[in-house]
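Trainee: Got a minute to walk me through the empty space in this one? Let's pull it up first.

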Amino acid sequence: MFLIGLGTAVPPQRHPQRDGWEAVQRWPKFSALQPRSRAILKKVLCSDNGIEARHLALDTLAEVFDQSVDELQAHFTRQAPALATEAALRALKNAGCRPEEMDAVIISTCTGYLCPGLTSYVGERLGLRPDIFALDLVGQGCGAALPNLRAGEALLASRRAKRVLSICVEVCSAAFFIDDDPGVLISACLFADGAGAAVLSTGPLPNRRRVEWQSSNSRHVPAERDTLRFSHKHGKLRNILLPRVPAVASDIAGKLFAESLAAAGLQRKDIAGWILHTGGRDVILAMREKLNLSANDVRHSSAVLRDFGNISSPTVYFVLERALNDTVPDGLWWMSAFGAGFSCHGAFLKVGPP
């Protein structure tokens, strides 16, 4: 399988982190939060947590407070198809493909639910063929891009498709929740809206840097399910984010990487590039320590976190796009993302000249 086109999209509204602190202080219920909660919000939004600004589909940050369940669902219904379509159009343009050339479309999300799924809305907007194979994946959290791409690989390998459109889209502003739980508060300060897309093909494009999917692996740890997941409260999605997420994520990611190296008969020195889900500043630091990485190795993950925040499942599309447009050398790259489950996924990409 070859990744022959990439595209990303975010809402035009850019909100600096400090604006979030100003907005939450104006919230009528702010004074009802515990002093510790107010301190957490101030610290995360006003100190250096690796994020300068986030793109949220909100004209004002005040919109995020006190929205009803129906309003949140309507927000997701408006924004998710629009963002997914924009990223897909950019990926198609990057690949030099027309929508009608796609044989399958796979869309992942965890921040909202539609029936029929997003593939129905996005397929209509793009003008995909009526006989296209459409697959909606939900509930995989921030790590969803890798399972999505593996599903695309299976379709291509089975010869059921020659071209697959892979999309991840998250409207985190439709899933913000404020209460006195520290993980809930930190989540509201980290996550952002966006979409990423890739065109997958059985062959590479001529005169284009090749990105070939080599092999992939996953590791699931149900015992850590409550470390990172969504719950429901008052009918709304409520993110659970425990303090040990950086340690758990880096530990599982390290084990997955070691297992994947052994299975492929590779050594760590064989890896030329790193495409990692951002998580947050503390996650990146934990990943660096566990995988023995330099700041330069994770510069694209850090840059995406700085400019956009944690975009959840689309993040690795953003990181890969930046790395391909930069000076990361050809060779084997390791792409990895983690999320609800607790799950971690990884893949070797062989990047080379035309």
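**Cavities and pocket**

Trainee: How many cavities of 30 Å³ or more does the count come to?
Mentor: It's a predicted model, where local features need pLDDT of at least 70, side-chain atom pairs need 80 or more, and totals for chains, interfaces and linings use all residues. Numbering starts from 1 along each chain as its sequence is written, and side-chain values use heavy atoms, without hydrogens or water. On a 1 Å grid over the protein atoms alone, a cavity is a set of points where a 1.4 Å probe fits but cannot get out, and lining residues have an atom within 4 Å of a point. By that rule, the count is four.

Trainee: Which element gives the most to the lining of the second largest cavity?
Mentor: That cavity holds about 60 Å³ (the space filled by probe spheres set on grid points joined across faces, edges and corners). Its lining includes Trp334, Ser336, Ala337 and Phe338. Elements are DSSP runs numbered from the N terminus, with helices H or I of at least four residues and strands E of at least two. With four residues, the top contributor is β12.

Trainee: And which residues lie nearest the centre of the largest pocket?
Mentor: A pocket is an open set with protein on both sides within 12 Å along at least five of seven lines. This one has about 670 Å³ of space. Of its 28 lining residues, the ones nearest the centre are Val44, Ile186, Leu190, Leu241 and Asp282.
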